[in-house]
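Good morning, and thank you for coming. I would like to introduce a structure that is new to most of this group, and I ask you to keep the display in view as I speak.

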Amino acid sequence: MNFKKLFTVAALSSVLALTACKDDKKTETAAAQPTTQKIKVGVMSGPEHQVAEIAAKVAKEKYGLDVEFVEFNEYSLPNPAVSNGDLDLNAMQHKPYLDKDSQEHGYKNLVIVGNTFVYPLAGYSKKIKNISELKDGAIIAVPNDPSNLARALILLEKQGLIKLKDNTNLFATSLDIVENPKHLQIKEVDTSVAARALDDVDLAVVNNTYASQVGLNTEEHGVFVEDKDSPYVNIIVAREDNKDSDAVKNFVKAYQTDEVYQEAVKYFKDGVVKGW
């Protein structure tokens with residue numbers, strides 16, 4: 001028997017077996033490593049994008065999710081981008097806008113997967129501190145554009161000041177007021193003017209964008225403010241075919257964290273309310 005040849009064959013067999021074992025371990029290790037998730041999200045340029053970047057950071061740290069943002073300057077563009085698959089999600093609108101946009105353009109596959117923030121309307125006054133101080137016949141200024149008018153009236157009803165024919169009608173007008181026990185005078189004014197009308201009225205319902213422009217804040221001048229139950233809470237929108245994916249669920253969880261809320265407060269001060 002050629003012992004030298006036998007030794008060589010045995011040694012080669014051992015090397016091959018060891019290599020195969022290492023390859024199997026590599027395969028097992030690779031299988032154990034989670035595949036990096038990726039998601040593409042549409043946001044509006046500016047502070048909302050900066051806030052969303054914190055959600056991306058949380059998503060990466062907690063869930064290994066890579067988030068790519070696509071910024072927009074026009075509200076008409078993110079919904080079709082999600083609907084046709086160019087984006088996985090968008091975070092830039094409230095439900096009334098989504099409903100109207102979907103109805104007008106036939107988006108049948110868009111679904112809400114989570115809430116973000118309410119950028120609230122609030123009732124401001126220089127004459128009263130509490131709604132109970134509002135006198136009979138008091139004058140209340142409300143914004144006159146269709147979306148914010150209904151929003152203001154719904155908010156007034158929530159304070160018990162008026163009653164609407166249908167408080168789910170997001171296009172209600174002053175003609176839909178069916179009860180007004182304090183005989184309040186509801187004055188519709190241009191949205192941008194409402195904040196500047198405080199010297200001439202008892203109370204004004206103001207969009208937080210315009211409120212901040214004239215130095216109003218809810219802590220000093222606010223009598224009441226929208227809360228997280230507002231139908232105008234901003235939302236995260238996905239498609240029917242991806243709404244249950246881990247990537248979508250993890251992005252929503254990452255957004256709904258205190259880190260993101262604190263970043264929103266930095267930009268919007270008291271003009272932001274958690275929607276979750």
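**A walk through the chain**

At 6% relative accessibility, G275 counts as buried. This glycine is placed in the segment after β14, the strand that spans residues 273–274. Not counting residues up to four places away in sequence, G275 touches N115, T116, F117, K228 and V233. Please also find Y232: G275 and Y232 are 43 residues apart in sequence, and their C-alpha atoms are 9.6 Å apart in space.

Let me now step back to the whole chain. What you see is a predicted model. The chain has 276 residues, of which 42% count as buried. Its secondary structure comprises 9 helices and 14 strands. Among contacts with a separation of 6 or more, 75% are accounted for by residues 24 or more positions apart.

How confident is the predictor? The mean pLDDT of the chain is 87, and 87% of the residues reach 70 or more. Over residues 3–22, however, the pLDDT is below 50, and this stretch has 1 contact in the model beyond near neighbours in sequence. Residues 25–34 also stay under 50, and for them the model has 0 contacts beyond four places in sequence. I shall therefore say nothing further of either stretch.

I turn to the helices, beginning with α2, which covers residues 47–63, and α8, which covers residues 246–255. At what angle do α2 and α8 pack? The angle is about 120 degrees, and the axes are 8 Å apart. The two helices are therefore oblique to each other. Their crossing is right-handed. On the α2 side, the contact is made by V51, A52, A55, V58, A59 and Y63, and on the α8 side by N250, F251, K253, A254 and Y255. Sorted by class, this contact of α2 with α8 has 9 nonpolar, 1 polar and 1 charged residues.

The spacing of such residues along a helix has a general background. An α-helix has 3.6 residues a turn, so residues three or four places apart point the same way.

Is α8 enclosed or open to its surroundings? Of its 10 residues, 7 are buried, so α8 is largely enclosed by the rest of the structure. The buried residues of α8 are A247, V248, N250, F251, V252, A254 and Y255.

Helix α2 has a further partner in α9, which covers residues 258–268. Here the packing angle is about 165 degrees, with the axes 9 Å apart. Consequently, α2 and α9 are roughly antiparallel to each other, and their crossing is right-handed. From α2, the residues P47, E48, Q50, V51, I54, A55, V58 and K62 meet E259, V260, E263, A264, Y267 and F268 of α9. By class, the contact of α2 with α9 has 9 nonpolar, 1 polar and 4 charged residues. You may notice V51, A55 and V58, which appear in the contact with α8 and in the contact with α9.

Next, please look at strand β13, residues 234–239, and at V237 within that strand. Is V237 buried or exposed? V237 is buried, with a relative accessible area of 0%. Leaving aside neighbours within four places in sequence, V237 is in contact with V82, D88, L89, N90, Q93, L98, L110, V111 and V113. V237 and K95 lie 142 residues apart in sequence, and 9.5 Å apart in space from C-alpha to C-alpha.

Following the chain onward, we reach E240, in the loop between β13 and α8. E240 is partly exposed, with a relative accessible area of 42%. Beyond four places in sequence, E240 is in contact with N109 and V111. The C-alpha atoms of E240 and V111 are 6.3 Å apart, although 129 residues separate them in sequence. V111 is also among the contacts of V237.

My last stop is H183, in the loop between β9 (177–179) and β10 (185–189). Its phi is near 55 degrees, a positive value in a residue other than glycine. H183 is exposed, with a relative accessible area of 53%.

To close, I would ask you to keep two places in mind: helix α8, with 7 of its 10 residues buried, and V237 in strand β13, at 0% relative accessible area. Thank you for your attention.

Note on methods: Residues numbered from 1 in each chain as written. Predicted model: local features only at pLDDT ≥ 70, side-chain atom pairs only at ≥ 80, totals over all residues. Heavy atoms only, no water. Axes fitted to C-alpha atoms, helices over the stretch in contact; angles between N-to-C directions. Helix = DSSP H or I, 4+ residues; strand = E, 2+ residues; numbered from the N terminus. Parallel < 35°, antiparallel > 145°, perpendicular 65-115°, else oblique. Left-handed = near helix turned anticlockwise from the far one by under 90°. Contact = heavy atoms within 4.5 Å. Nonpolar A, V, L, I, M, F, W, Y, C, P; charged D, E, K, R; others polar. Buried < 20%, exposed > 50% of the residue type's maximum accessible area, 1.4 Å probe, protein only. pLDDT = per-residue confidence, 0-100.
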